[in-house]
Amino acid sequence: MSKRGDHKNKGRAKNIKPTNALNNNNNGDEKGNPTSPLVSAPITPQTSASPNESQTGKAGDVPHEGLLEQYTKSLRDWTGGLVFVGLITVAVLSLQWWTFEKTDETNRAGLRPYISGVGLSADIDRFPGYWALKATLENSGGTPPTQLRYVIRSSADFSLDPEEIFQRPSETDAFFEPTIAPKGQIHVEAGMPTVAFFDSKKQWYVSGAIHYRDQFSGSAEHISKFCFAIVKTNVTRPGYDPCPYWNCVDEKACTNDRARYDKAVRDGEIRPTKKSADAPDIPVGTAIPSAIGMVIKALP
């Protein structure tokens with residue numbers, strides 16, 4: 001019988017009895033499903049989330065703290081760059097404006113008029129016994145002056161500050177108001193002292209102050225001064241020398257002149273005997289210019 005049984009079972013796989021307690025039907029439920037906690041539940045496949053969804057979550061959620069910090073840093077860098085560019089722009093514009101102002105000042109300085117007294121001339125044949133003196137005024141600038149006005153004093157007294165004469169003229173001081181072309185000269189009557197006056201080797205002084213403006217808007221008034229001492233060099237021809245003071249072509253030089261003059265007065269080198277408002281001592285028979293014509297001091 002064993003052989004028959006072996007013959008019947010030949011070719012069939014032998015059943016292996018489960019030895020694992022997990023396969024024991026006694027540990028399963030009514031349907032035979034295992035209920036042991038050691039058996040893991042079925043794993044549900046999960047799809048990988050995109051980087052944006054993993055960091056920011058769903059659409060409409062608040063940005064992640066790291067992304068907000070990165071955005072703030074970028075905004076700060078952009079703002080700093082804009083501020084830097086703005087500062088550079090302001091600096092460049094300021095430099096351009098400063099250059100423009102300096103260029104404009106340079107152009108004005110080169111084109112503005114410069115009026116000054118440059119010398120004297122004498123006509124010795126016009127009137128016998130007199131020297132008809134004329135002051136030569138020159139415009140060395142590039143434009144004509146405006147509001148030109150100047151005063152001339154012709155006297156045997158040493159000249160006071162011509163500006164004082166301009167502010168407080170006497171009846172023998174002459175005012176003139178013509179203009180002077182660029183690079184041009186004019187000759188203004190400056191008196192006719194007698195030739196006999198110079199026989200004693202005394203000096204005669206012709207001085208003046210000039211006020212004018214240039215043609216540029218907003219320009220300040222310019223002041224220049226001149227002073228010449230006339231001496232008799234020989235019988236027929238007078239000569240002249242610039243005075244030690246009052247020959248200046250701008251306000252700075254005239255201020256320095258006044259400082260030197262005041263020091264000389266304090267040191268006793270100059271002893272002014274007359275006030276600027278007083279009429280100068282005019283020798284008898286001398287003709288001087290006046291606003292209404294020539295005034296001649298007659299014999300007593």
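An open sheet of three strands, with antiparallel pairing, follows the order 1-2-5 in this structure. The model is predicted. Its largest nonpolar core has 25 residues, and a second, separate core has ten residues.

**The open sheet**

- Strand 1 and strand 5 form the edges of the sheet, and each of them pairs on one side only.
- Averaged over the sheet and with direction ignored, neighbouring strands are turned by 30 degrees against each other.
- Strand 1 and strand 2 run antiparallel and are joined by eight bridges.
- Within this pairing, Ser116 is positioned opposite Glu138 in strand 2.

**The largest nonpolar core**

- The residues with the most contacts inside this core are Leu137, Tyr150, Ile152, Val206, Ile210 and Phe226.
- At least two core residues come from each of strand 1 (115-123), strand 2 (132-139), strand 3 (146-155), strand 4 (174-176), strand 5 (185-189), strand 6 (204-213) and strand 7 (222-232).
- The most is given by strand 6, which supplies four residues to this core.

**Surroundings of Val206**

- With neighbours within four places in sequence left aside, Val206 is in contact with Leu120, Leu133, Ile152, Arg153, Ser154, Ala190, Phe226, Cys227, Phe228 and Ile230.
- Two of these partners, Ile152 and Phe226, are listed with Val206 among the residues that have the most contacts inside the largest core.

**The second core**

- Cys227, Trp246, Tyr261 and Ala264 are among the ten residues of the second core, which is separate from the largest one.
- Cys227 is therefore a member of the second core that is also in contact with Val206, where contact means heavy atoms within 4.5 Å.

Methods. Residues numbered from 1 in each chain as written. Predicted model: local features only at pLDDT ≥ 70, side-chain atom pairs only at ≥ 80, totals over all residues. Heavy atoms only, no water. Core = buried A, V, L, I, M, F, W, Y, C linked by side-chain atoms within 4.5 Å. Buried < 20%, exposed > 50% of the residue type's maximum accessible area, 1.4 Å probe, protein only. Pairing = 2+ DSSP bridges. Axes fitted to C-alpha atoms, helices over the stretch in contact; angles between N-to-C directions.
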